[in-house]
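Biologist: Could we go through this model together? I would like to start with the overall fold and then turn to the details.

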Amino acid sequence: MGTYDLVVIGCGDAAVTHLEACRKHESRVRVVAACDPNQERLGQCCAKYEIGKSFTSVEDLLTKCSFDVAVVCTPTPLSLIHISEPTRLLSISYAVFCLK
């Protein structure tokens, strides 16, 4: 079994839960990037979890980062707005984890 490169989209409270879980499985999962439009929240998340790449847009993430799995942690009240993110990721053949 190999290691999966994972990105997290959204760096709020839900992301923390998933990132803490990833820490417990570092031999299987490597968090390679985070994406959030709020630069302050994004920077804090990347610093705390030692994430090397950060993006403020999904478009930049998709064009500038290579990964295997995307965890979508955008706010539930915005799920109708953000439903295009998981759909777009699936259409490009990424594995997507999204609780919406």
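Modeller: Helices (H or I, at least four residues) and strands (E, at least two) are DSSP runs, numbered from the N terminus. On that basis the elements of the chain follow the order β-α-β-α-β-α-β-α-α-β from the N terminus on. The secondary structure comes to 5 helices and 5 strands. This is a predicted model, in which local features need pLDDT of at least 70, side-chain atom pairs count only at pLDDT 80 or more, and totals for chains, interfaces and linings use all residues. Residues are numbered from 1 along each chain as its sequence is written, and side-chain values use heavy atoms, with hydrogens and water left out.

Biologist: What percentage of the residues in the chain is buried?

Modeller: Buried residues make up 41% of the 100 residues in the chain. Buried means under 20% relative accessible area, exposed over 50%, and partly exposed in between (1.4 Å probe, protein chains only).

Biologist: Which residues touch the most other members of the largest nonpolar core?

Modeller: That core has 17 residues, and L6, V8, L19, V31, A34, C45 and I51 touch the most other members. At least two residues of this core come from each of β1, α1, β2, α2 and β4 (69-72). A nonpolar core is a set of buried Ala, Val, Leu, Ile, Met, Phe, Trp, Tyr and Cys residues joined through side-chain atoms within 4.5 Å. Apart from the largest core lies another, of 13 residues, among them V7, V32, F67 and V72.

Biologist: And what does V8 touch?

Modeller: Not counting residues up to four places away in sequence, V8 touches A15, L19, A33, A34, C35, V71 and C73. Contact means heavy atoms within 4.5 Å.

Biologist: Changing topic: how many salt bridges are there?

Modeller: The count comes to 4 salt bridges, each being a side-chain nitrogen of Lys or Arg within 4 Å of a carboxyl oxygen of Asp or Glu. One of them joins the side chains of D5 and R30 (2.6 Å, N to O). This pair links distant parts of the chain, with D5 in strand β1 (residues 4-9) and R30 in strand β2, 25 residues apart.

Biologist: Are those two partners buried or exposed?

Modeller: D5 is buried at 17% relative accessible area, whereas R30 is partly exposed at 44%.

Biologist: Which other pairs can you name?

Modeller: E20 forms a salt bridge with R23, with the closest N and O atoms 3.7 Å apart. Both lie in helix α1, 3 residues apart, about one turn of the helix. R41 forms a salt bridge with D36, where the closest N and O atoms are 3.0 Å apart. R41 counts as partly exposed at 34% relative accessibility, and D36 is buried at 3%.

Biologist: Now the second largest pocket: which residues line it?

Modeller: The lining consists of L19, C22, R23, E26, V29, R30, V31, K48, Y49, E50 and I51. α1 (13-23) and β2 (29-35) each supply at least two of these residues. A pocket is, on a 1 Å grid over the protein atoms alone, an open set of points where a 1.4 Å probe fits, with protein on both sides within 12 Å along at least five of seven lines; lining residues have an atom within 4 Å of a point.

Biologist: Anything unusual about the backbone of E50?

Modeller: E50 has a positive phi of about 50° although it is not a glycine. E50 lies in the loop between α2 (39-48) and β3 (53-55), and is exposed, with a relative accessible area of 72%.
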